[in-house]
Structures are given as structure tokens and as C-alpha cells.
Amino acid sequence: MPPRTCALCNDARAILKRPKTGQQICKECFFYVFETEVHNTIIEARLFKRGDRVAIGASGGKDSTVLAHVMKTLNERYDYGLELFLLSIDEGITGYRDDSLETVKRNQQQYDMPLKILSYDELYGWTMDAIVSQVGKKNNCTFCGVFRRQALDRGAAILNVDHIVTGHNADDIAETVLMNIMRGDIARLGRCTSICTQGEDTIKRSKPFKYAYEKEIVMYAYFKKLDYFSTECIYSPDAYRGHARAFLKDLEAARPSAIIDIIHSGEAFEIKEDVKATQKNQQTCKRCGYMSSNELCKACTLLEGLERGMAHAAVTDRARKKLDAEGPAPENLRQIPLFRLPASLQAHSNGETGVR
Ligand code: SF4
Ligand code: ZN
Ligand code: ZN
């Protein structure tokens with residue numbers, strides 16, 4: 001049988017089958033369609049404006065490495081006028097994050113972008129290794145997730161950027177939609193598909209890979225020979241997500257459009273105004289100044305639990321009551337450094353947000 005020609009350019013030899021569409025195409029056309037789809041996502045959602053300073057949340061893994069490469073490519077090709085930075089969080093996981101950070105350092109050279117690394121140890125005084133030795137491998141991802149979210153915002157504030165892009169892809173979002181349906185979490189379901197989150201005076205987060213399939217990201221990294229780190233976290237016990245992932249992979253095998261279809265279903269759930277009204281107003285944490293819907297932010301509550309040897313109490317919904325029931329926090333309790341918004345956001349917030 002003669003070699004197939006590419007279904008897009010009708011010229012070069014097709015060497016791959018595109019996971020999203022099943023088309024047989026050549027390498028160059030694959031790069032072009034993949035990048036162009038991300039560009040279209042960015043333009044349709046109006047994610048950026050000229051002169052924006054944007055941090056790429058970089059873990060050294062495939063998603064964020066491909067994101068850094070594609071953001072640099074598109075910024076040059078379409079002259080977005082962005083200033084790009086790499087921002088990495090060092091959770092302190094020996095044998096995992098230390099190796100992946102070496103990859104990010106090489107990416108910094110390869111992509112010629114400034115890099116900021118911020119560690120849990122310097123922010124919270126605890127590494128994930130130490131946290132796991134206290135809490136075990138059950139709730140560790142709760143600590144890690146809360147600490148990472150805040151660490152990214154703090155890193156962005158240090159870089160003076162007010163927008164973080166992350167490598168979350170279509171598979172991640174579809175999995176989250178499924179998980180929120182299975183948990184009956186309608187408020188999260190309404191939010192989890194949005195490409196961009198931003199409160200009035202918070203650092204913007206967005207997901208340019210919202211419609212990019214994981215298989216295509218892996219293929220892109222492979223054919224571009226990108227330098228990335230592919231080991232899974234040694235403390236990854238999120239069994240529920242694992243089930244959602246396996247289910248999604250089965251659906252994708254039967255019908256590749258399943259991933260996008262699930263995202264579209266998630267998008268169709270809009271939160272009604274009266275549900276929105278019951279969602280708490282944003283304030284700032286009275287201990288560390290970070291954005292919070294309670295007096296204390298989640299990271300301060302979790303940190304207090306760790307410091308007082310009551311980490312398990314701190315992960316519950318009534319964490320504050322449980323901690324208070326054991327008496328007031330000790331005077332010399334370890335504090336997270338005060339949070340200051342990037343200068344561009346301080347101007348918007350009329351001095352309301354930030355530190356006291
Ligand atoms: Fe942190 Fe859990 Fe992710 Fe490991 S799997 S990096 S512990 S959130
Ligand atoms: Zn082609
Ligand atoms: Zn706090």
C-alpha cells in the first residue's frame with residue numbers, strides 16, 4: 001500500500017493519527033493545528049492584552065512544559081506582546097519535585113524566561129515530606145492543594161504579575177466535571193469549566209489548554225523532543241480522580257469527542273443567582289492577609305493544625321471550632337509571611353485588600 005498523504009496539506013506523508021479527530025496527518029500540520037487551536041482558545045476568551053506580565057505555572061511535567069513552549073511560540077508568532085515568566089512551586093517531595101525542578105531549570109535556559117521557585121518550606125516552614133510524616137498519605141493532597149494555590153499567588157505577587165496560566169488540559173477538566181457530578185457539587189460544577197477565574201482584586205488564573213487533549217500534548221512533546229519530567233508524585237493517592245480518569249479513558253476510546261462533550265455539558269450548568277448569593281464574600285485573612293472567605297484562610301488553618309499536632313482536625317469543614325475547642329492558638333505560632341497583591345492590583349482594590 002502506498003504511504004498515505006497528510007489529510008490537511010495533501011502533500012507530506014502522514015505519520016500520525018490525530019487523537020482528537022482521527023485524521024491521518026503529517027508532523028508539521030499536527031504542530032500547526034495544535035498551536036492554532038490554542039491560539040483560537042486564547043483569542044476567543046480574550047485571555048491577554050498587550051503588555052501583560054504572565055507567569056506560567058511550571059512543574060517540569062509534560063503539560064506545563066508544552067504550555068511554556070506553545071506560549072513562547074504564539075507570543076512571537078502573533079505578537080501578543082506578553083512578558084512571560086516561569087513560576088515553580090517546590091513542595092519538598094524528595095525524589096519527585098527535586099528532580100522535576102531540575103527540568104524546569106533547563107527549560108528556563110531553553111525558553112529564555114525568568115524563573116521564580118518558591119518552596120513550601122520557606123513559606124510555611126513545612127515540606128510535603130514532613131507533612132506526610134505527620135498526616136500520612138490520606139489527606140496529604142488537601143494540604144498540598146491549598147498550599148500550592150496560595151504559593152502560586154504569592155510567587156506571582158513577587159514577580160509582580162497578575163495573571164497565572166496553568167497547564168490544565170481538556171482531560172483534567174472533563175475529569176473534574178465527572179467528579180463534581182458524582183459528588184453532587186453543583187457550585188463547583190458551575191465553575192470548574194471556566195477558562196479563567198478572577199475575583200475583583202485577585203490574581204487571574206487561566207487555562208489555555210482547556211480544549212487540548214492530553215494525548216495530543218504528549219504527542220506534541222514527543223515530536224518536538226521537549227525536555228520534560230514524567231514521573232508521578234510519590235504521594236498521589238487521589239483514588240477518586242483515578243476512577244474518573246479510567247472511566248474517561250474508556251469513553252474516549254469508544255468515542256474521542258467524549259472529552260469535549262463532557263466539558264460542554266459542564267459548561268451548560270450555570271449557577272442560579274440565589275445559589276451565587278449564598279456564596280460567601282471575599283475578605284482577607286486576619287493572620288496573613290491572603291484572600292479568604294473566612295476570618296482565617298485555609299492555609300493558616302491547616303498550618304495551625306500541623307503546628308499544634310492536630311492536622312486531622314484542620315482538614316474538616318468545622319476545623320476552626322475543633323482547633324478552638326483545644327484552646328487558643330499559642331502565641332509563638334508559626335506565621336505565613338504577610339501577603340501583598342501585585343502593584344497592578346493594589347491600585348484596583350482601594351487599599352481594601354492586602355495586609356494590615
Ligand atoms: Fe501534592 Fe498530592 Fe499532587 Fe503529590 S499528588 S504533588 S502530594 S497534590
Ligand atoms: Zn501535512
Ligand atoms: Zn492566612
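What arrangement do the four donor atoms around the zinc ion, ligand 3, make? I'll go through that site, then the other zinc, then ligand 1. Keep in mind that this is a predicted model.

The zinc ion that is ligand 3 takes its protein donors from Cys-285, Cys-288, Cys-297 and Cys-300, in each case through SG. Those sulfurs lie 2.3 to 2.4 Å from the metal. The angles they subtend run from 107 to 115°, so the arrangement is tetrahedral. The cut-off here is that all angles lie between 85 and 135 degrees. For reference, the ideal angle for four tetrahedral donors is 109.5 degrees. In sequence, the donor residues are spaced C-x2-C-x8-C-x2-C. Two of them I can place by accessibility: Cys-297 counts as buried because its relative accessibility is 1%, and Cys-300, with a relative accessible area of 4%, is buried too.

Next, the zinc ion that is ligand 2. The protein donors are the SG atoms of Cys-6, Cys-9, Cys-26 and Cys-29, lying 2.3 Å from the ion. Their angles span 102 to 119°, which makes this arrangement tetrahedral. Along the chain, the spacing is C-x2-C-x16-C-x2-C. Cys-6 and Cys-29 link distant parts of the chain, 23 residues apart: Cys-6 sits in the segment before strand 1 (16-17), and Cys-29 in helix 1, residues 27-44. Both Cys-6 and Cys-29 are buried.

Last, ligand 1. Which residues surround ligand 1? They are Asn-140, Cys-141, Cys-144, Arg-148, Cys-233, Tyr-235 and Ser-236. By class, that shell divides into four nonpolar residues, two polar and one charged.

Methods
Residues numbered from 1 in each chain as written. Chains lettered and ligands numbered in written order. Predicted model: local features only at pLDDT ≥ 70, side-chain atom pairs only at ≥ 80, totals over all residues. Heavy atoms only, no water. Near = heavy atom within 4 Å. Nonpolar A, V, L, I, M, F, W, Y, C, P; charged D, E, K, R; others polar. Donors = N, O, S within 2.8 Å, 3.2 Å for Na, K, Ca; no water. Tetrahedral: all angles 85-135°; square planar, octahedral: opposite > 155°, others 65-115°. Buried < 20%, exposed > 50% of the residue type's maximum accessible area, 1.4 Å probe, protein only. Helix = DSSP H or I, 4+ residues; strand = E, 2+ residues; numbered from the N terminus.
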